[in-house]
Amino acid sequence: MSVLAANSQILSREIYQRYQQQHLWNNGSCLFSPKNSGYFGSDWKDRKWKNKTVRSREWRVQALWPDLSRPSAIEMEPINDSDHLDQILARARQLSQPIIIDWMAAWCRKCIYLKPKLEKLAAEFDTKIKFYYVDVNKVPQALVKRGNISKMPTIQLWKDGEMKEEVIGGHKAWLVTEEVRQMIKKFV
């Protein structure tokens with residue numbers, strides 16, 4: 001198949017039609033990548049998976065299986081008041097682990113978009129760091145002042161009972177996630 005297409009939908013449609021003709025669909029997610037060796041996939045026949053190679057020029061199909069041994073996202077725990085924050089900081093100090101606190105608000109659209117991405121990041125650093133969030137409208141203002149929060153979302157890294165570094169997330173969620181990842185790598 002040698003198709004030059006400026007529109008990715010045309011190329012995707014052509015690949016999908018070719019793929020269906022070859023009967024390689026395996027109920028998993030698939031990745032199409034250019035390769036000169038041909039199609040590679042697995043077929044389900046007689047209740048067993050069988051590897052099957054079909055000669056073609058342009059595309060290689062590989063089944064991608066998710067790693068089910070690790071969670072894909074970990075829900076962040078809420079912090080409700082200053083006493084709760086003190087307990088969390090004391091526990092983190094005992095374990096000599098840093099913590100991440102996401103200061104957010106329910107009405108803040110960027111905060112809402114960022115939270116699931118931070119939960120995926122929490123799964124990535126599952127054993128090394130704990131993630132928490134504070135909804136600034138539901139907690140006493142003394143807690144918000146303690147965090148020295150002026151903009152939202154603000155993601156802070158706390159270690160040894162004090163705030164070490166922060167990222168103020170008023171821009172794209174993937175950029176904020178990368179900045180938080182770099183911040184974690186500095187302290188873990």
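**View 1. Strand 6 is covered on both faces in this predicted model.** On one side sit Ile99, Ile101 and Trp103, all buried. On the other side sit Ile100, Asp102 and Met104, also all buried. The count for strand 6 is thus 6 buried residues of 6, and the strand is mostly covered. In a regular strand, side chains alternate between the two faces of the sheet. Strand 6 spans residues 99-104.

**View 2. Strand 6 pairs with strand 7 in parallel.** The two strands are joined by 6 bridges. One of the contacts to pick out is Met104, whose bridge partner in strand 7 is Asp135. Strand 7 covers residues 130-135. Met104 belongs to the buried set of strand 6.

**View 3. Strand 6 pairs with strand 8 in the antiparallel sense.** Here 5 bridges link residues 99-104 to residues 154-159. Asp102 has Ile155 as its bridge partner in strand 8. Ile100 stands opposite Leu157, also in strand 8. How many residues of strand 8 are buried? The number is 5 of 6, so strand 8 is largely enclosed by the rest of the structure.

**View 4. Strand 8 and strand 9 form a hairpin.** The two strands run antiparallel and are joined by 6 bridges. Ile155 stands opposite Val167 in strand 9. Ile155 is also the bridge partner of Asp102. Between strand 8 and strand 9 there are 2 residues. Asp160 lies in the turn and has a positive phi of about 55 degrees.

**View 5. The open sheet has 5 strands and mixed pairing.** The strand order is 5-7-6-8-9. Which strands stand at the edges? They are strand 5 (77-78) and strand 9 (162-168). Each has a single partner strand, so one side of each is left without a neighbour in the sheet. Strands of a sheet pair through backbone hydrogen bonds, either parallel or antiparallel. Both senses occur here: strand 6 runs parallel to strand 7 and antiparallel to strand 8.

**View 6. Helix 2 and helix 5 lie across the strands.** Helix 2 covers residues 82-95. It lies across strand 5, strand 6, strand 7 and strand 8. Its direction makes an angle of about 155 degrees to strand 6. Helix 5 covers residues 173-187. Helix 5 lies across strand 6, strand 7, strand 8 and strand 9. It runs at about 155 degrees to strand 9.

**View 7. Lys186 of helix 5 is exposed.** Its relative accessible area is 58%. That value is over the 50% cut-off, so Lys186 counts as exposed. Glu165 is 21 residues away along the chain. The C-alpha atoms of Lys186 and Glu165 are separated by 9.9 Å.

**View 8. Lys115 lies over the face of Tyr133.** The distance to the ring centre is 3.8 Å. Aromatic pairs are absent: a search of the whole structure finds 0.

**View 9. Cys108 and Cys111 are buried.** Are these cysteines buried or exposed by relative accessibility? Cys108 is at 9%, so it counts as buried. Cys111 is at 0% and likewise counts as buried. The structure holds 0 disulfides.

Technical notes:
Residues are numbered from 1 along each chain as its sequence is written. This is a predicted model: local features need pLDDT of at least 70, side-chain atom pairs count only at pLDDT 80 or more; totals for chains, interfaces and linings use all residues. Side-chain values use heavy atoms; hydrogens and water are left out. A disulfide is a pair of cysteine sulfur atoms within 2.5 Å. Buried means under 20% relative accessible area, exposed over 50%, partly exposed in between (1.4 Å probe, protein chains only). Rings of Phe, Tyr and Trp (its six-membered ring) pair if their centres lie within 6.5 Å; planes under 30 degrees apart count as stacked, over 60 as edge-to-face and the rest as tilted. A charge sits over a ring if NZ of Lys or CZ of Arg is within 6 Å of the ring centre and within 35 degrees of the ring normal. Two strands pair if DSSP finds at least two bridges between them. Helices (H or I, at least four residues) and strands (E, at least two) are DSSP runs, numbered from the N terminus. Contact means heavy atoms within 4.5 Å. Axes are lines fitted to C-alpha atoms, for helices over the stretch in contact, and angles run from 0 to 180 degrees between N-to-C directions.
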